[in-house]
Amino acid sequence: MSWSGKQRALVVKCFFQNGESPIKTQRALRTTLGLGRHDPVPSCRTIKRWVDDFNETGSTEDKKRSGRPLTSRTPENVEAVRNSFLKSPHRSAKKHASALGLSDRSVRRILHLDLKFHPYKMAKVQELLPRDQETRVESCRRILDTIPVSAFLLTSDEAHFHLCGTVNKQNMRYWAPENPHEIHQSPLHSLKVTVWCAVSRFGVIGPYFFEERGQTVTVTSDRYVAMLRDFFQPRLAEFKKEIDEEVLDEVWFQQDGATAHTATRSMALVRELFPARAISRRGDINWPPRTAYNRTMEKNPDEPKDVTKKSLPSMSEPMEVQDAVASTLATPFAQPIIAASKSKAQK
C-alpha cells in the first residue's frame, strides 16, 4: 500500500501520542482509520524511518534521490530524434543514431519511452492499375443495380493449404546460454491440398478437394467442369428441398477470373447452370481483374457497429472506390454470406 505524505504525518503524530511505541502506533492507526485486523499498516521499521526523516528534515516525504541525470533523453535529443524519424521513417534506427551522434540504445529508448513510436511492418498488396479503380466502381454499381436483394448469391473460390507448417523467424526465439543452432527443414515442394467451396446465405457448398488417387492436382478447366457437374450441381439441387422455389429462380453465381474458371468449356457450363446470372470475367456481370480485398469497413454508420473484414488492395484508392465496395458489402444478401462463412469456420 502506498501512503501519502498526509497519512505519513498522521503516523508520526500517532507515534508521539502513544509513547513512541510502534506497536501502539499501529493499533491507533487501525482505530483512527477504521482498518480491520488484517488490513495492512506500516511496519515498525517503516514507522521508525518516517519518524527519523521527520526529525531530520521536518518532513515525512521520501528524500530526493541523487541519481545520474539524464544525458541522452533530454528534450533537445527527443525533438531531434522525432524530426529525424519523421523526415526519414524508413531509415533504420542504427543509421539515425549514427547521424545524430547518439547510441543505438539511447535512440531506441527515446522512440519507445518518450515518443511512443512503434516499428510497423510494410504490408505487401497486389498492384492496381489506373484503369482498375474505375472498373471496380462500375462492377460494384452494376451488382447493386442488377442483383435483387432477395437473390440467392453463391460466391466461390479455391485456396491452397500447405501441410508442412510454417515458421516465422521474426517471432521464433530459443533462449539459451549458447546457440543451439536450431533449424527448421522445409521441403522444396511442400505438400498441400487445394480446396474449393461456394458460400451463400443459406450455407456452404463444399469443401471439395481437387485430388486424384489421393494426390493434390492442379485445377484445370476439365477438372473444374467435372467438379461443377459431379459435385456442385447435385448439392445445389439439394437446396431445392429446403429452400423456397421462388428464391432458387434467382440464383447468382460468382467466380474469379482464373483461367480454369473462364475457359470456353467452363463458361459454357456456368452459363448453362446460371443463365444470365453469372458474375465472372466474360460473365453477365464482369468480375474485375486483380480483385482482392483486405480492409475493414462498417456496414452502415446508422446501425450498431458491426465490422466486416473485406479488403482493398491499396489504402490510397479514391474514396469513390472504397464507398462502392463498402455499399456492395453492406447489402442484405452479402451479410448472411459473411455470417454463414464465419459459422462454418467455427464448426
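How many bridges join β6 to β7? In this predicted model, the two strands run parallel and are joined by two bridges. Gln254 takes part in this pairing, with Ile279 in β7 as its bridge partner. Strand β6 also pairs with β1, which spans residues 152-162. That pairing is parallel too and extends over four bridges. Within it, Leu154 stands opposite Phe253 of β6.

The side chains of β6 point in two directions. Val251 and Phe253 face one way. Trp252 and Gln254 face the other way. All four residues are buried. In a regular strand, side chains alternate between the two faces of the sheet.

Helix α11 covers residues 264-273. Its buried residues are Ser266, Met267, Leu269, Val270 and Leu273. These residues lie on the same side of α11, because the arc they cover around the axis is only 160°. Thr264 and Glu272 are exposed, and they sit on the face turned away from the buried side. What do the buried residues of α11 pack against? Their partners are two helices and two strands: α8 (221-238), α10 (259-262), β6 (251-254) and β7 (278-279). Strand β6 thus appears both in the pairing with β7 and in the packing against α11.

Ser280 follows in the loop between β7 and β8, the latter strand comprising residues 295-298. Is Ser280 buried or exposed? Ser280 counts as buried because its relative accessibility is 0%, and the cut-off for burial is under 20%. The side chain of Ser280 makes a polar contact of 3.2 Å with that of Gln255. Leaving aside residues up to four places away in sequence, Ser280 touches Gln255, Asp256, Thr262, Met267, Ile285, Asn286 and Trp287. One of these, Met267, is also among the buried residues of α11.

A separate part of the analysis concerns open space. Rolling a probe the size of a water molecule over the atoms shows where empty space is left. The second largest pocket holds about 500 Å³ of space. It is lined by 15 residues. Closest to its centre are Phe85, Pro89, His118, Pro119 and Tyr120. Which helix gives the largest share of the lining of this pocket? Helix α6, residues 104-114, supplies that share, with three residues.

Key. Residues are numbered from 1 along each chain as its sequence is written. This is a predicted model: local features need pLDDT of at least 70, side-chain atom pairs count only at pLDDT 80 or more; totals for chains, interfaces and linings use all residues. Side-chain values use heavy atoms; hydrogens and water are left out. Buried means under 20% relative accessible area, exposed over 50%, partly exposed in between (1.4 Å probe, protein chains only). The arc is that of the directions from the helix axis to the C-beta atoms. Contact means heavy atoms within 4.5 Å. Two strands pair if DSSP finds at least two bridges between them. A polar contact is a pair of N or O atoms within 3.5 Å; within protein, one must be able to donate a hydrogen and the other to accept it, and residues adjacent in sequence count only if both atoms are side-chain atoms. On a 1 Å grid over the protein atoms alone, a cavity is a set of points where a 1.4 Å probe fits but cannot get out, and a pocket is an open set with protein on both sides within 12 Å along at least five of seven lines; lining residues have an atom within 4 Å of a point. Grid points are joined across faces, edges and corners, and a volume is the space filled by probe spheres set on the points.
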